[in-house]
Amino acid sequence: THDAWLLCAMSMSVACATVLRGPERFVAAYARASRRAPLAVAFGTCYAKGSAADVVTQMYEGTEWGDLNWKRNITFALFSGAYLGIGQHFVYNVWFQRWLGAGSDWITVGKKVVADSFIHTPLMYLPLYFVHKAVCEGKSPVAGLRRYAKEGPETLVAYWRMWPAFHAVNFAFTPIECRIGAIAGFSFLWLMVLSFLSHRGGVEAVSLPTEVDLASALGAQQTAAC
């Protein structure tokens with residue numbers, strides 16, 4: 001049932017958060033790996049998270065395991081690994097540190113939260129997401145931007161309801177080498193929301209010739225590091 005899958009999704013989100021808090025040995029090993037190979041760790045973490053989130057979302061939408069849309073899943077996971085992993089490593093751990101300060105005081109944290117909410121997310125993250133999705137569906141980048149112009153406000157409201165408070169805590173208390181991992185755990189829930197919102201038009205879209213090869217049944221869509 002939908003309630004069962006919702007409970008499953010919530011349980012997995014809690015599990016991700018638990019893993020990121022402990023055990024201490026796992027966190028220490030993850031931090032060491034992230035310091036040695038930050039881009040590889042960021043990509044792998046967010047690719048796995050994005051794939052798992054979309055699987056849960058599709059099953060919550062009513063898709064059986066044997067009918068899962070793996071092309072949609074891989075597309076979503078690649079975006080998650082490439083941008084939410086590698087891209088946001090540069091945004092949060094490099095550029096924000098360089099331009100807004102490396103401190104954890106609340107003034108510095110506040111500047112980073114504002115920059116993420118009103119510059120990074122509406123002007124970089126979400127436009128790239130919608131362009132990437134459109135291109136993978138055989139459409140033009142302009143079509144993706146047009147869809148963002150239409151659906152962006154709703155998606156941004158969903159983002160603002162979840163992320164500013166989390167980022168405030170993450171920037172203030174999480175070691176930089178674990179920041180993308182912490183985001184990945186929390187964004188498991190956000191990515192399911194994003195996947196659901198972005199694929200809402202899937203049933204109608206499947207009749208389009210450019211999308212028949214992409215998916216046998218595009219579900220409805222909605223989507224968040226370390």
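Student: In what order do the elements of the chain run from the N terminus on?

Tutor: Helices and strands are read here as DSSP runs, numbered from the N terminus, with H or I of at least four residues for a helix and E of at least two for a strand. In this chain the order from the N terminus is α-α-α-α-α-α-α-α-α-β, which amounts to nine helices and one strand. The model is predicted, and local features need pLDDT of at least 70, side-chain atom pairs count only at pLDDT 80 or more, and totals for chains, interfaces and linings use all residues. Residues are numbered from 1 along each chain as its sequence is written, and side-chain values use heavy atoms, with hydrogens and water left out.

Student: Where does H5 bend, and which residue follows H5 with a positive phi?

Tutor: A bend at a residue is the angle between axes fitted to the seven residues ending there and the seven starting there. For H5 the bend is about 60° at Thr121, and a proline, Pro122, follows within four residues. After H5 comes Gly138, with a positive phi near 85°.

Student: How is burial read, and what percentage of the 226 residues in the chain is buried?

Tutor: A residue is buried under 20% relative accessible area, exposed over 50% and partly exposed in between, with a 1.4 Å probe and protein chains only. Buried residues account for 48% of the 226 residues. Accessible areas come from the Shrake-Rupley method with a 1.4 Å probe, and for residues only the protein chains shown count as cover; on that basis the chain exposes about 11,000 Å², of which carbon and sulfur atoms supply 70%.

Student: Which residues make the nonpolar surface patch?

Tutor: Patches are made of residues with over 30% relative accessible area and no salt bridge, where like charges are joined within 9 Å and nonpolar side chains (Val, Leu, Ile, Met, Phe, Trp, Tyr) within 5 Å. Here the patch covers about 1,200 Å² and is made by Leu39, Phe90, Trp95, Trp99, Val114, Phe118, Ile119, Leu123, Met124, Leu128, Val157 and Trp160. Two or more of these residues come from each of helix H4 (70-100), helix H5 (106-136) and helix H6 (141-173), and H5 gives the largest share, six residues. Leu39 belongs to helix H3 (residues 38-60) and is partly exposed, at 34% relative accessible area.

Student: How many salt bridges does the structure hold, and which parts of the chain does the pair of Arg35 and Glu177 link?

Tutor: Side chains of opposite charge can pair when their charged atoms come close. The criterion is a side-chain nitrogen of Lys or Arg within 4 Å of a carboxyl oxygen of Asp or Glu, and the structure holds three such salt bridges. Arg35 and Glu177 meet at 2.9 Å, N to O, and this pair links distant parts of the chain, with Arg35 in helix H2 and Glu177 in the loop between H6 and H7, 142 residues apart. Asp54 and Arg72 also form a salt bridge, at 2.9 Å, N to O; because Asp54 lies in helix H3 and Arg72 in helix H4, the pair ties together parts that are 18 residues apart in sequence. Asp54 and Arg72 are both buried. Glu151 and Arg147 form a salt bridge whose closest N and O atoms are 2.9 Å apart, and these residues, four apart in helix H6, are separated by about one helical turn. Glu151 is buried at 13% relative accessibility, whereas Arg147 is partly exposed at 21%.

Student: How are aromatic pairs described, and how many does the rule count?

Tutor: A pair of aromatic rings is described by the distance of the centres and the angle of the planes. Rings of Phe, Tyr and Trp (its six-membered ring) pair if their centres lie within 6.5 Å, with planes under 30 degrees apart counted as stacked, over 60 as edge-to-face and the rest as tilted. By this rule there are 22 aromatic pairs. Phe26 and Tyr30 form a tilted pair, 6.4 Å centre to centre with 35° between the planes, and the two residues are four apart in helix H2 (residues 24-36), about one helical turn. Phe166 and Phe186 have ring centres 4.5 Å apart and planes at 5°, so this pair is stacked.
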